[in-house]
2 protein chains.
Amino acid sequence: MKPVFHPDIEDVAPADVFAALADPIRLGILVALAEIAEGDKARCSHFTEFASPSLLSYHLAKLREAGITRMRVEGTSRYLSLRRDEMNQRFPGLLDSVIDTARRDPNLPRLSRALSEMVDA
Amino acid sequence: MKPVFHPDIEDVAPADVFAALADPIRLGILVALAEIAEGDKARCSHFTEFASPSLLSYHLAKLREAGITRMRVEGTSRYLSLRRDEMNQRFPGLLDSVIDTARRDPNLPRLSRALSEMVDA
DNA sequence: TCAAAATTTCAACGATTGTTGAATTTTAAA
DNA sequence: TTTAAAATTCAACAATCGTTGAAATTTTGA
């Protein structure tokens, strides 16, 4: 269970966040994560519709390294969630309007089944 | 006076906007433009503190092609402004929180004199 | 102990990015 | 008509990006 690196939120620059958001797959992931309010239940493999495991790993790392998401390691799985509170404290209002914007984009990839249905609630 | 291309705001995707914002020079330009509420008075050369003319041309094109700014051609000059209303209609609330976020970033380049002082009001 | 599952790592690749500096274009002004 | 000013274009370059597929890692369960 190698620890997963999460940047201190204060070390994240706005440009880093925007770079992480500049990709449709990552925006699709963001929207899906935003939809499942009850934390920590989404796993990487829930997003294999969006990309191959290896590519997913790449995109999830981008989101994580930009301070947007958190990954909790448990067994062979990684559980994903948004760093909502920290993002809100660091960049007040930004994450909400980003999610709002992304939710309205009909061209982003979407999960065929909602995360909350895949997740063992 | 070759016409300058501006995308229809409806053709702009969120990921395009975020890509345009993923650079400190461009965020610096955005903040400076946001500070000068009375439209159309800023010129490219007002930003030579930020980058060489040629690099500036590159960055300003990125902002323009992402639907964020408008360039009015007049003589040898180009006058810059934010496409505030269109952006607000297309991505409600986004531009404001982006500007807010960027304004708070102490590491972005800043103009030594405010644009409103350089501009022939 | 072995095998499967979940995820990452790695090398490779073509494409795009940010940057530089020189050359070009366009317009205005002397 | 010449010159200067404002900005763009272009070729070049190293660096980073998104993607693929194969190999490795880690943990769980039979």
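Trainee: Which residue in E3(B) is the bridge partner of B:Val73?

Mentor: B:Arg78 is the bridge partner of B:Val73. Keep in mind that this is a predicted model.

Trainee: What makes E2 and E3 of chain B a pair of strands?

Mentor: Two strands pair if there are at least two bridges between them. Strand E2 (residues 69-74) and strand E3 (residues 77-82) of chain B have 6 bridges, in the antiparallel sense, so they qualify as a pair.

Trainee: How many residues sit between the strands in that hairpin, and what is special about the phi of B:Gly75?

Mentor: There are 2 residues between E2(B) and E3(B), and B:Gly75 takes a positive phi near 65°. Hop over to chain A: its E2-E3 hairpin also has 2 residues between the strands, with A:Gly75 at a positive phi near 65°. There, A:Val73 stands opposite A:Arg78, and 6 bridges join E2(A) to E3(A) in an antiparallel run.

Trainee: What about E1(A), how many bridges join it to E3(A)?

Mentor: E1(A) and strand E3 (residues 77-82) of chain A run antiparallel and share 2 bridges. The cut-off is at least two, so that pairing counts. One detail to look up in the model: A:Arg43 has A:Tyr79 as its bridge partner in E3(A).

Trainee: What is the strand order in the sheet of chain A, and why are E1 and E2 said to stand at the edges?

Mentor: The open sheet of 3 strands is ordered E1-E3-E2, with antiparallel pairing. Strand E1 (42-43) and strand E2 (69-74) of chain A each have a single partner strand, so one side of each has no neighbour in the sheet. Helix H2(A) packs on this sheet, touching E1, E2 and E3 of chain A, and its direction makes about 80° with that of E3(A).

Trainee: How do you know whether H2(A) is mostly covered or mostly open?

Mentor: Count the buried residues: 9 of its 12 are buried, so "mostly covered" fits. Among them are A:Ile25, A:Leu27, A:Ile29 and A:Leu33.

Trainee: And what does the span of that helix tell you?

Mentor: H2 (residues 24-35) of chain A reaches 17 Å from its first C-alpha to its last, close to the 16 Å expected at 1.5 Å a residue.

Trainee: Why is A:Ile68 called what it is, buried or exposed?

Mentor: Buried needs 20 or more other C-beta atoms within 10 Å. A:Ile68 has 25, so A:Ile68 is buried. A:Ile68 lies in the loop between helix H3 (53-65) and E2 of chain A. Not counting residues up to four places away in sequence, A:Ile68 touches A:Val17, A:Ala20, A:Leu30, A:Leu63, A:Leu82, A:Arg83 and A:Met87.

Trainee: How many residues of each chain meet across the interface?

Mentor: 19 residues of chain B are in contact with 19 residues of chain A. On the chain B side, the elements giving two or more residues are helix H1 (14-21), helix H2 (24-35) and helix H5 (94-103). By class, that side has 12 nonpolar, 4 polar and 3 charged residues.

Trainee: What makes you relate the two copies by a particular kind of axis?

Mentor: Chain B can be laid on chain A with an RMSD of 0.0 Å by a turn of 180° and a shift of 0.0 Å along the axis. The copies are therefore related as by a two-fold rotation axis. In chain B, the C-alpha nearest that axis belongs to B:Phe18, 2.5 Å from it. The same surface serves both copies, as 100% of the contact residues of chain B recur in chain A.

Key:
Residues are numbered from 1 along each chain as its sequence is written. Chains are lettered from A and ligands numbered from 1 in the order in which they are written. This is a predicted model: local features need pLDDT of at least 70, side-chain atom pairs count only at pLDDT 80 or more; totals for chains, interfaces and linings use all residues. Helices (H or I, at least four residues) and strands (E, at least two) are DSSP runs, numbered from the N terminus. Two residues are in contact if their C-beta atoms, placed from the backbone, lie within 7 Å. Ala, Val, Leu, Ile, Met, Phe, Trp, Tyr, Cys and Pro count as nonpolar, Asp, Glu, Lys and Arg as charged, and the others, Gly among them, as polar. Copies are superposed by least squares on the C-alpha atoms of residues with pLDDT of at least 70 in both. The expected span of a helix is 1.5 Å times one less than its number of residues. Axes are lines fitted to C-alpha atoms, for helices over the stretch in contact, and angles run from 0 to 180 degrees between N-to-C directions.
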